[in-house]
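Student: Please choose a single part of this model and take me through it slowly, with what lies around it.

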Amino acid sequence: MPQIIHQTESNLNVKNIKYLIKQYQSPFWVYDANIISNKIQLLKKFDIIRFAQKACSNIHILKLMRKNNLKVDAVSLGEIKRALIAGFKKNSDEIVFTADLFDEETLSKIIKYNIPVNAGSLDMLKQLGSISPGHRIWLRINPKFGYGHSKKTNTGGENSKHGIWDPHLAIPIIKKYNLKLIGLHMHIGSGVNYEHLKKVCYAMTKSVMQINEKITYISAGGGLPIPYQLNEEPINIKKYFSLWNKAREKISQFLNKPIQLEVEPGRFLVGESGILVSQVRAIKNMGNKNFVLIDAGFNDLMRPTMYGSYHHISVISSKNREINENKTIETVIGGPLCESGDIFTQKEGGRIESRKLPLMEVGDYIIFHDTGAYGASMSSNYNTRPLIQEILIENNTFKTIRRRQTFEELLSLEQ
């Protein structure tokens, strides 16, 4: 839930933000390690918490996860490399590679590092088995239905590219290459609807019974939501765990062996820990619309443009004047990019919306809340804009965990 910067007990408060504004060029990211640690504690009933690092893949965030005894999911060779640098071990189950295909280099390194594979296609099983018989695998199953806050985050059903449609077809391939099937994974998309979740749990139980192989793990996947708006209710973790635990118990009884229940959160652990700090650089009226233009663009924070996602916005004065939260104006927040879609107040499909925000002046600062997930990790160099600073607040210290990219570094690959 958005932290109220003037009241919050977290490190994401106005005092710390003002200090950082004096130290660093805007825009920049800030994370609070305490929030991440508190979120981890909420999931302790699960046997395994595996961080979906695509949400926030900074090596220092990964080290924080490892320090808290989490395991990690990697969806690319780059993410495998990040996990290894952060201290996660090869030749173990600390890293699992999840994908629907292999490229040759990734396949080669997975075999070299002996990393378990969560396979989303039959071709992956054939390619892995023909080179590395006996390799440990999971099957990612498409339950033939999906759910998500956006069509672009729905990972189940016939419109999704993810997972194996008919897991029965995987068994002959597994046996041919003596692959070691250790678990089943099922994830239908971002967000939680408990009726959909019951269907997923039932589908998982049914799949295990139909395949009837002596697996050791089931994975609930990720997609646990966070409340992006002030009036949103947080997910009921007890209810979420209870539904999956009942499925685990049925599976354990059917297979007559203990089954470990894994959860694979990304956004849930890091989303509320992060903010994006940006500065107002221009204000102008366009007909009846009031535009406030800032120095952060969708190359920095992609979610509003890509999904129509909402992020709560706070304003901090640059001149120590009082920001009157009760005196507001309908405002459209835009960035510096040469793109009409570079708007932070829009709905899915690109429909521009204004938001009631305090009156601002050039030089004021805008804070985008709950940007710890799919913020920095989705950033790009579009319009030849360098990647921006990332700062972690931990144990009352401010630590730069990614410095601002220089133009020379950005252009070096082309020289």
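**A loop residue and the core**

Tutor: L42 sits in the loop that joins α2 (33-41) to β2 (48-52), where helices (H or I, at least four residues) and strands (E, at least two) are DSSP runs numbered from the N terminus. The model is predicted, and local features need pLDDT of at least 70 and side-chain atom pairs pLDDT 80 or more, while totals for chains, interfaces and linings use all residues. Residues are numbered from 1 along each chain as its sequence is written, and side-chain values use heavy atoms, without hydrogens and water.

With a relative accessibility of 49%, L42 counts as partly exposed, a class between buried (under 20%) and exposed (over 50%), using a 1.4 Å probe and protein chains only. Beyond its neighbours within four places in sequence, L42 is in contact (heavy atoms within 4.5 Å) with I237 and F268. From C-alpha to C-alpha, L42 lies 9.0 Å from K238, although 196 residues separate the two in sequence.

K238 belongs to helix α9 (residues 237-255), which, with eight residues, gives the most to the largest nonpolar core. That core (buried Ala, Val, Leu, Ile, Met, Phe, Trp, Tyr and Cys joined through side-chain atoms within 4.5 Å) has 98 residues, and I61, L139, W244, L269, V270 and I333 have the most contacts inside it. Because domain 1 (33-269) and domain 2 (272-412), with bounds from an automatic or database assignment, both give residues to this core, it lies between them. Leaving out residues up to four places away in sequence, V270 touches I36, F51, A55, C56, I61, M65, G372 and A373.
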